[in-house]
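Trainee: Before we go through this model, could you show me how each term we use is justified by what was computed?
Mentor: Gladly; let us look at it together and take the terms one at a time.

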Amino acid sequence: MKRILKIGAFSALAALGFSVVAFDWPQNAILSDSFYSYFGQLRGGRMSQSLVFSDTEDVSIADDGNVVVLFTEHGDSDIFESTLGNAAVIAHDDGMLTVYANLDSVEKIADATEVKAGTSLGVTSNSGWQEGFACLEFQVVDTVNKSFINPRVLMPRTGDEIPLELRNVTAVNKAGISYGLGSVKTLNAGSYMIYNERQDVAIPYKSTIYINGVVVESLQYSVLYEVDGKLCVKGKNLHPLSTVYPSSDRQFLGEISVPRGHNEIQVVISDILGKEYVSTYIVDAR
């Protein structure tokens, strides 16, 4: 059953050409601050296309659909194991897939072709390449646009968000030299990559950078695009893993060009509910 969203926060997806529909949560009693890892977070040296839950729970299918494939922990190979562990992939309307990974078993729908929203898949386990936690790894795939959609933009949201932080914001020039914006007063005019200290679980849903009141870059974690086999975040350009997470302690916020003269650089990050965290820096560029 398809449900139409009537919440303004989802208008960005409509603008990107997605069918604006909602899924049910695959687990009950989900609070906004209860995830093990956010979509787009750095996990295992890659940008995660999953929303990872934090508790062992019963899992159910998020919407009506057809069973595409079932993975098992060991499959038919003694060499290659599924990184998703026991997992189910369900096809929905408009080229959408949902993926339910790290399950205890997929036996409940082993013989099924069509499934209904709310159909039980059993409970989560340690069958996938999780970090020792029996928690659901959930994905939403847009096969038409070759992208992964942040599941949270399609789900109801309850509870408080994990607070975001702007910490050790740095500007990195093309030579790789870093400048702490909280302490530096002068810069050379030119291009800089702006980074924030990465948080372990939460990441900004959106980052926006202003120079002298004008937006110069904006990134949003509603979608990860696949380009040449690599996942990318979209801003002015498509930014791959090597840009978004150049190290385990840095997350990319945007690329800016600082003009000569007196400049106000304002960095804004926000959560999925729109709460903003703002830092302003004054620098003279020569």
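**Reasoning from strands to core**

Mentor: In this predicted model, an open sheet is formed by 4 strands in the order 16-15-18-24, with antiparallel pairing.

Trainee: What makes strand 16 and strand 24 the edge strands?

Mentor: Strand 16 (178-180) and strand 24 (250-258) each pair on one side only, and that is what places them at the edges. Neighbouring strands of this sheet are turned by 30 degrees against each other on average, with direction ignored.

Trainee: How do you know that strand 15 and strand 18 pair?

Mentor: Pairing requires at least two bridges between two strands, and 3 bridges join strand 15 (residues 170-172) to strand 18 (residues 190-197); therefore the two count as paired. They run antiparallel, and within this arrangement Thr170 stands opposite Tyr195 in strand 18.

Trainee: Which strands does strand 21 pair with, and how do you know?

Mentor: The reasoning is again a count set against the requirement of at least two bridges. Strand 14 (residues 147-149) is joined to strand 21 (residues 223-227) by 3 bridges, and 3 bridges also join strand 21 to strand 22 (residues 230-234), so both pairs meet the requirement. Both pairings are antiparallel; Phe148 has Leu224 as its bridge partner in strand 21, while Glu226 has Leu231 in strand 22. In the hairpin of strand 21 and strand 22, which has 2 residues between the strands, Asp228 takes a positive phi near 55 degrees.

Trainee: Why are the residues around Tyr100 and Ile194 called a nonpolar core?

Mentor: The name applies because such a set consists of buried residues of listed types, Tyr and Ile among them, joined through side-chain atoms within 4.5 Å. The largest such core has 73 residues, of which Tyr100 and Ile194 touch the most other members. Strand 10 (residues 96-103) gives the most to this core, with 6 residues. Counting only residues beyond four places away in sequence, Ile194 touches, among others, Val169, Leu181, Ile209, Phe252 and Val267.

Trainee: How do you know that some stretches deserve caution, and where are they?

Mentor: The mean pLDDT of the chain is 85, and 85% of its residues reach 70 or more, but pLDDT stays under 50 over residues 1-19 and over residues 76-81. The model has 42 contacts beyond four places in sequence for residues 1-19, and 4 such contacts for residues 76-81. Where pLDDT is low, the predicted coordinates should not be read in detail.

Terms used. Residues numbered from 1 in each chain as written. Predicted model: local features only at pLDDT ≥ 70, side-chain atom pairs only at ≥ 80, totals over all residues. Heavy atoms only, no water. Axes fitted to C-alpha atoms, helices over the stretch in contact; angles between N-to-C directions. pLDDT = per-residue confidence, 0-100. Contact = heavy atoms within 4.5 Å. Buried < 20%, exposed > 50% of the residue type's maximum accessible area, 1.4 Å probe, protein only.
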